[in-house]
Amino acid sequence: MRGDTNAIALLFVTAVLAGISPPAAFGAGSSRDEPAALSQIKHEIDELRADRERDLKHMQLLEHQVEEIQKQNDELKSTNSALQIGHQKLQAETTQEIKQLQTKVASSPSESAFGSAMSRYLGSHQTVITGSGAGNYVWDRSTAKNTFGAQFEPILLYRLNDWLLFESEIEAELPSDAESELKLESAMAHVFLNDYAELVLGKFFLPFGDFIEDVHPFWVNPFVTLPLPFREGDDGGLLPFTDLGAQLRGAFQWGDLGQDADYALWLSNGPGYDPDLPTPVVGQMFGANNIDVNKHSKAFGTRVRFYPFPLDSELGRLEVGASTYDSKWGFAGVPTDQWLTSWGVDFNYLRGNLGMRGEYLATHRQMPGNAAADNRQGWYFLARYQLADLRPSFISTDLQNLLHRAELLIRYSGQ
């Protein structure tokens with residue numbers, strides 16, 4: 001406003017100088033004072049002009065500062081907008097990653113992911129020494145047995161590469177006669193031909209039925225003793241527990257997920273009977289070692305198992321199988337021309353806390369001369385119920401934790 005006032009004053013003074021003559025303004029007698037008055041007016045005009053220029057410069061400076069402030073404000077707005085966009089993007093990405101992690105945690109791993117994880121784990125553990133040990137107490141009134149026992153079974157696994165694995169199991173035990181025994185239970189080389197088949201070479205547990213190969217280890221078998229038809233070696237079972245030879249085994253999926261089948265085909269030395277007897281007899285037990293059974297013919301056998309129910313059904317898991325084992329048998333290291341033929345069926349069922357399994361098998365052994373054949377049959381049935389869901393409120397938490405790890409068992413076997 002000060003600049004506008006000065007401009008008006010300057011215009012007024014100019015008009016006065018232009019429109020009023022000296023005589024009219026000052027009279028005839030004041031001509032001497034005219035230069036002094038004009039000089040004063042010019043001086044004031046110059047001051048007004050100088051003030052106006054200063055005001056204009058000040059206004060330009062203020063305008064420049066306003067422009068700088070406006071520019072900084074625009075830059076802040078742009079930065080704030082970019083930060084908001086970045087925050088929204090980061091929040092969206094974080095939410096998406098959390099959802100993906102929750103989905104991965106909630107879902108079970110795929111077969112390929114599980115296989116890859118297992119492959120990485122095994123690849124970093126080329127040699128594994130594991131096994132089990134146990135102590136037991138046996139009281140048998142019929143045989144007057146009343147004793148403690150001990151057993152130790154170290155297992156050695158050596159994985160040379162992706163397609164070759166060596167496995168061996170040694171058993172050390174103190175039987176009832178208190179003389180320690182050390183024997184090689186198994187020694188095998190697993191040659192993985194592809195994802196669905198493998199070749200097994202060496203001394204292996206007989207893959208007949210389900211019990212000998214899968215359930216007999218004392219850390220798997222829920223009972224201290226073995227079912228009667230599956231007593232090991234010279235204890236009186238219906239089949240040799242182990243054999244020396246080669247297996248071809250594998251599995252395939254024939255239906256929906258969980259509807260699988262597996263098979264085992266083998267060729268081996270065959271059975272040898274107790275060499276301590278002078279002649280073969282009906283009911284004779286197997287010898288503990290069949291390596292010395294050297295004959296041109298070999299034992300051969302097969303086992304096939306099916307899983308009829310898919311995993312997403314509510315029917316549980318059922319396994320049904322059938323097995324055969326045939327060979328000319330030897331006695332005291334001497335081969336004979338008589339045949340041992342055998343067959344069996346088995347099942348295993350699991351649903352929730354309830355489990356059942358059982359087997360039936362029959363053997364037919366030709367005897368020398370005109371002697372009657374050695375025919376035997378055997379069976380067992382096992383039922384189990386886990387008490388994992390039983391937590392009665394009237395007992396303490398510690399007792400509940402013990403109880404829910406327990407199970408009820410019943411087994412019936414005959415031979």
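**Close-up views of a predicted chain**

**Figure 1. Leu 157 has Glu 167 of strand S3 as its bridge partner.** In this predicted model, the pairing to which these strands belong is antiparallel and extends over nine bridges, with strand S2 covering residues 145-161 and strand S3 covering residues 164-174. Two residues lie between S2 and S3, and the two strands form a hairpin. On the side of strand S4, Glu 167 stands opposite Met 188, while the following view takes up the pairing of S3 with S4 itself.

**Figure 2. Strand S3 pairs with strand S4 (residues 181-192) in the antiparallel sense over 10 bridges.** Within this pairing, Ser 168 finds its bridge partner in Ala 187 of S4, and Glu 167 faces Met 188, also in S4. Strand S4 is in turn joined to S5 by six bridges, and these two strands likewise run antiparallel. The connection from S4 to S5 is a hairpin that passes through four residues.

**Figure 3. Ala 187 is a residue of strand S4 and is bridged to strands S3 and S5.** Its bridge partner on the S3 side is Ser 168, and in S5 the residue that stands opposite Ala 187 is Lys 203. Is Ala 187 buried or exposed? Ala 187 falls into neither class, because its relative accessible area is 28%, which makes it partly exposed, the buried class being reserved for values under 20% and the exposed class for values over 50%. Once neighbours within four places in sequence are set aside, Ala 187 is in contact with Glu 167 and Ser 168, as well as with Leu 201, Gly 202 and Lys 203. The C-alpha atom of Ala 187 is separated by 6.6 Å from that of Phe 204, a residue 17 places away along the chain.

**Figure 4. The largest nonpolar core has 24 residues, and Leu 206 and Tyr 325 have the most contacts inside it.** Two or more residues of this core come from each of strand S5 (197-205), helix H5 (211-215), strand S10 (317-331) and strand S13 (374-386). Strand S5, which contributes to this core, is also the strand that six bridges join to S4.

**Figure 5. Asp 262 lies in strand S7, which spans residues 260-268.** With a relative accessible area of 12%, Asp 262 is buried, and its side chain makes a polar contact of 3.2 Å with the side chain of Tyr 307. Which residues does Asp 262 touch, if those up to four places away in sequence are not counted? They are Gly 250 and Ala 251, together with Arg 303, Val 304, Arg 305 and Tyr 307.

**Figure 6. Arg 365 is found in strand S12, whose residues are 354-365.** Arg 365 has a relative accessible area of 1% and is therefore counted as buried. A polar atom of the Arg 365 side chain lies 2.7 Å from the backbone oxygen of Val 281.

**Figure 7. Pro 229 sits in the loop between helix H5 and strand S6 (242-253).** Although placed in a loop, Pro 229 is buried, with a relative accessible area of 1%. Leaving out residues up to four places away in sequence, Pro 229 touches Gly 237, Leu 238 and Leu 239, then Leu 361, Gly 378 and Trp 379, and also Ser 413, Gly 414 and Gln 415. The C-alpha atoms of Pro 229 and Ala 362 are separated by 9.6 Å, and these two residues are 133 residues apart along the chain.

**Figure 8. Residues 17-30 keep a pLDDT under 50 throughout.** For this segment the model has six contacts beyond four places in sequence. Where pLDDT is low, the predicted coordinates should not be read in detail. As background to this view, the chain averages a pLDDT of 83, and 84% of its residues score at least 70. The chain as a whole contains six helices and 14 strands, and 29% of its 415 residues count as buried. Its accessible surface comes to about 26,500 Å², with 60% of that area belonging to carbon and sulfur atoms. Of the contacts between residues at least 6 apart in sequence, 56% join residues at least 24 apart.

Methods. Residues are numbered from 1 along each chain as its sequence is written. This is a predicted model: local features need pLDDT of at least 70, side-chain atom pairs count only at pLDDT 80 or more; totals for chains, interfaces and linings use all residues. Side-chain values use heavy atoms; hydrogens and water are left out. Buried means under 20% relative accessible area, exposed over 50%, partly exposed in between (1.4 Å probe, protein chains only). Contact means heavy atoms within 4.5 Å. Accessible areas come from the Shrake-Rupley method with a 1.4 Å probe; for residues, only the protein chains shown count as cover. pLDDT is the predictor's confidence in each residue, from 0 to 100. A polar contact is a pair of N or O atoms within 3.5 Å; within protein, one must be able to donate a hydrogen and the other to accept it, and residues adjacent in sequence count only if both atoms are side-chain atoms. Two strands pair if DSSP finds at least two bridges between them. A nonpolar core is a set of buried Ala, Val, Leu, Ile, Met, Phe, Trp, Tyr and Cys residues joined through side-chain atoms within 4.5 Å.
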